[in-house]
Amino acid sequence: MQKSKALLGALVLFLSTALGVVPAAWATRDLADLKVTVEIAPNGNAHFTEEWTVYEDGTGSEIFKRLGRLPKTMEIRDYKVSENGKPYTFEPNWKPKADWDKKYQKYGVVKGYSTIELGWGRGTRGMHTYTLEYTVTNFIMNLKDAQVINWQFLNDHLSALPQGYQYVIKSPKFGPKTVEDIRVYGNYAYHTYQNNQILLRSDRALLSSEYLVVLAKLPAGTFDTKTNVDQTYLETLEISNTTDPNKNDIPKPLLWGGGILLALGAAGAIIGLPLRSRYKSKKQRTETARRKENLLPDTFKDTNIYPQVPKDTPEMIWQMAVLAEDSFYSARMKKHLLTAYVLKWILEGRVKATKITSKWKYEGTTGIQLDHDQYQQLDRAEQKLYKLLLDASGPDNTLAPDELKEYCNKYPDLWPESQSGLAIRGQAQLASQHLSEKVPLGDSFQHSKIERLSPTGAKHYQQALGFKNYLKDFTLIDEREVTEVQLWKQYLIYGALFDLTETVYQQLKKVIPEELAKYSLNDRIIRITVSWAPAAESGTESSNYNSSDSYSSGSGGGGGGGGSAGGSSGGGFR
């Protein structure tokens, strides 16, 4: 029965979206909106009220929120779910793999070793706003010289990406000067302290690589909390500025039990397993990060304009962003590298846009036609990416974006693996052209080296960012030069890397429509091309959260840092 409902729901959703009845954001499995209020009691407990607005497409059986990295003093209590004021029924034996009808209008809890998962049943097809409430005990942390709110409100790589969010943090203990300092990591969110409330807001969709960590300083003794951390605020701030919040400070072998750890220790003594060097203390990591920051080039300006097409390949520029520790652009380039290469292959004749007719599920949609012979002609780095599309396309070698998403959902490891060849090639090209260099950290860290951009590499990266800005303003373009030198192809490819595909295309359409027509590049094809990378990535994200044991990791988005944050907030759809 549920399968029939899901199939009917998906069909209606597809037709509604095609006819423009359903907003595009609703047609995905993202959160249309997320509103959270956190009320902190005098004892330091925090009561969360979260409103998740979701368009249900008739698929799946539950939505879940995962909380992890909780100190022993922090417990999750008083969890409940409702919709439009109607409370859901608590199911004491909650089973994530249960069918839809077993979860409908019910909620439950799954406890893991270091995580707790709050789940509830998905509603019927249509728009829903679910309200979940829960309390985190001893939410406020005592430091040596202050108290803090130090919490990861959103993880990166969520399978439920908010299209916008708002957080309000308030307390009867808050006064005009109670919150002395606010730091936000992992996301460029508007934040302020006004009317005795902390407000965080973003009106744009959260990128997959972004997260949200908040560190707020409060006077010592403000709350009667029992969570104690043996460090000062300055030390907390220093760690937050230099470490990744998604990497657990506890090495995994410690979680395996004393016997295995003892065996590993013995093995390390015999074969030289570098356990101590691999797992450094927080103080060592902080010092290493400080030295590394001093060795890196100055922060890059994102306001200059550079009118010349980069001589560096897209994967080189991506790896430049990685070495520059520009987490915002490195994450964006990694995501859109596939779009850049699909466009490159269309312009080279290696793939062709086509109407899909051989698959009833995707019949009538626009996809791409792939070719085994063209695959053989590519070098090994590009072959890895091309092969992902080829394998996902099936026997007829035609591929729709949703088909790629389903394939990546089924085989989540293949998407990052498909990019590895280009990453390695980009790194090798930087090294061979002396655009990167390895330098020692110095002093007691003399045996440790970091890889960074060389001065020439830093200049190249600055020029790449300048070219990105140039692509935003096509009033500067020489029409004759674009046509005669075929620069427009490079504009499209690099525009895709910088997530400017449609911007560049719309301007080129005014200047060289005949050239675009030769390659069958029209509005529909460009929209489809832009959808490839999000399709692959969202498919992988959905799969990564299909198990209650899975856990987010990876680098953060704009802002970076936040490494000593308490808790972690993941979640998604099943």
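This is a short tour of charged residues in a predicted model.

**Stop 1: E83.** Select E83 in strand 4, which spans residues 76-83. E83 is buried but has no salt bridge. The nearest side chain of opposite charge is K86, 8.3 Å away. A salt bridge needs the nitrogen and the carboxyl oxygen within 4 Å. Now add H128: its side chain makes a polar contact with the side chain of E83 at 2.5 Å. Leaving aside neighbours within four places in sequence, E83 is also in contact with Y88, T129 and Y130.

**Stop 2: R574 and E62.** Side chains of opposite charge can pair when their charged atoms come close. The structure holds 22 salt bridges. Select R574 and E62 to see one of them: their closest N and O atoms are 2.9 Å apart. R574 sits in the segment after strand 23, and E62 sits in strand 3, so this pair ties together parts 512 residues apart in sequence. Are these two residues buried or exposed? Both R574 and E62 are buried.

**Stop 3: E117.** Keep R574 selected and add E117. These two form a salt bridge, with the closest N and O atoms 2.9 Å apart. The pair links distant parts of the chain: E117 is in strand 8, 457 residues from R574. R574 counts as buried because its relative accessibility is 12%, and the cut-off is under 20%. E117 is buried as well, at 3%.

Next, add R66. R66 forms a salt bridge with E117, the closest N and O atoms being 3.0 Å apart. R66 lies in strand 3, 51 residues from E117. Both R66 and E117 are buried.

Note on methods: Residues numbered from 1 in each chain as written. Predicted model: local features only at pLDDT ≥ 70, side-chain atom pairs only at ≥ 80, totals over all residues. Heavy atoms only, no water. Helix = DSSP H or I, 4+ residues; strand = E, 2+ residues; numbered from the N terminus. Buried < 20%, exposed > 50% of the residue type's maximum accessible area, 1.4 Å probe, protein only. Lys, Arg positive; Asp, Glu negative; His and termini not counted. Polar contact = N/O pair within 3.5 Å; in protein donor to acceptor, adjacent residues only side chain to side chain. Contact = heavy atoms within 4.5 Å.
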